[in-house]
Amino acid sequence: MGTLNNQVAIVTGGARGIGLAIAKRFAGEGADVLIADILADDAKAAAESLASLGVRAEYYVCDVAGVDQIHAMCAHCKNTFGKIDILVNNAGIQTSKPSMQFSEVEFDRLMDVNLKGALFLASDQSTYIYGQTIFCDGGWSTGILPNALDFIRRTDPDVN
């Protein structure tokens with residue numbers, strides 16, 4: 001199949017958009033994929049579309065703002081697939097209002113998903129993962145790929 005045969009990837013926020021494009025690319029390269037997202041119906045549809053590519057694909061409903069949910073999702077992936085090789089920390093939210101107008105609740109939610117979720121997911125992976133982590137945040141990314149979105153755009157013309 002491809003360069004990711006026998007690899008297992010978790011893609012948070014993988015039910016649609018950039019996360020789904022990344023998951024499709026990984027599946028196209030032979031990786032088995034766990035789609036982790038709060039959008040249950042979209043996550044299920046995404047996993048079904050990936051399975052049609054001939055890989056093992058599952059979905060798990062998870063809000064990365066909740067550390068307990070992160071732990072449960074990682075354990076589920078390990079129990080289901082036997083290992084975790086790749087983590088794409090793609091889940092994120094944004095708001096269109098100026099930061100000086102955020103309520104405390106809005107600010108806390110933004111930090112819980114975009115910062116705390118990514119941090120605890122990456123640290124939770126340290127007990128399972130022996131591979132690589134890609135962080136994506138609003139088109140900016142760090143980690144093993146200097147710009148994961150740019151990589152995906154170059155390899156998948158359907159991604160804007």
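How many helices and strands are there in the chain? There are 5 helices and 6 strands, where helices (H or I, at least four residues) and strands (E, at least two) are DSSP runs numbered from the N terminus. The model is predicted, and local features need pLDDT of at least 70, side-chain atom pairs count only at pLDDT 80 or more, and totals for chains, interfaces and linings use all residues. Residues are numbered from 1 along each chain as its sequence is written, and side-chain values use heavy atoms, with hydrogens and water left out.

**The whole chain**

Begin with the whole chain selected and follow it along the sequence, where the elements come in the pattern β-α-β-α-β-α-β-α-β-β-α. Of its 160 residues, 41% count as buried, a term that stands for under 20% relative accessible area, with exposed for over 50% and partly exposed for what lies in between (1.4 Å probe, protein chains only). The surface that the chain exposes comes to about 8500 Å², and carbon and sulfur atoms supply 53% of it; these areas come from the Shrake-Rupley method with a 1.4 Å probe, and for residues only the protein chains shown count as cover. Among contacts (heavy atoms within 4.5 Å) with a separation of 6 or more, 63% join residues 24 or more positions apart.

**Helix α2 and its strands**

Next select residues 40-51, which form helix α2, and trace its 12 residues over 16 Å from the first C-alpha to the last, close to the 16 Å expected at 1.5 Å a residue, where the expected span is 1.5 Å times one less than the number of residues. Colour A43, A46, A47 and L50, which are buried in α2. Looking down the axis of α2, you will find that its buried residues line one face of the helix, because they fall within an arc of 95 degrees, taken from the directions from the helix axis to the C-beta atoms. These buried residues pack against α1 (17-28), β2 (32-37) and β3 (57-61).

Now show β2 and β3 together, which pair in the parallel sense over 5 bridges, pairing being counted if DSSP finds at least two bridges between two strands. Select I35 and look across to β3, where Y59 stands opposite. With α2 added, β2, α2 and β3 make a right-handed β-α-β unit; right-handed here says that, with the strands pointing away from the viewer, the path from the first strand over the helix to the second runs clockwise.

**Strand β4 and T80**

Move on to residues 84-89, strand β4, where 6 of the 6 residues are buried, so the strand is largely enclosed by the rest of the structure. Add β1, which pairs with β4 in the parallel sense over 3 bridges, and pick out A9, whose bridge partner in β4 is I86.

Then select T80 in helix α3 (residues 67-81), a residue that counts as buried at 19% relative accessibility. Apart from residues up to four places away in sequence, T80 touches R56 and E58.

**Before β1**

Finish in the segment before β1 (8-12), where N6 is found. Is N6 buried or exposed? N6 is exposed, with a relative accessible area of 65%, and its phi is near 65 degrees, a positive value in a residue other than glycine. Most residues other than glycine have a negative phi.

N5 lies in that segment before β1 as well and counts as partly exposed at 32% relative accessibility. Leaving aside neighbours within four places in sequence, N5 is in contact with E29 and G30, while the C-alpha atoms of N5 and G28, 23 residues apart along the chain, are separated by 9.6 Å.
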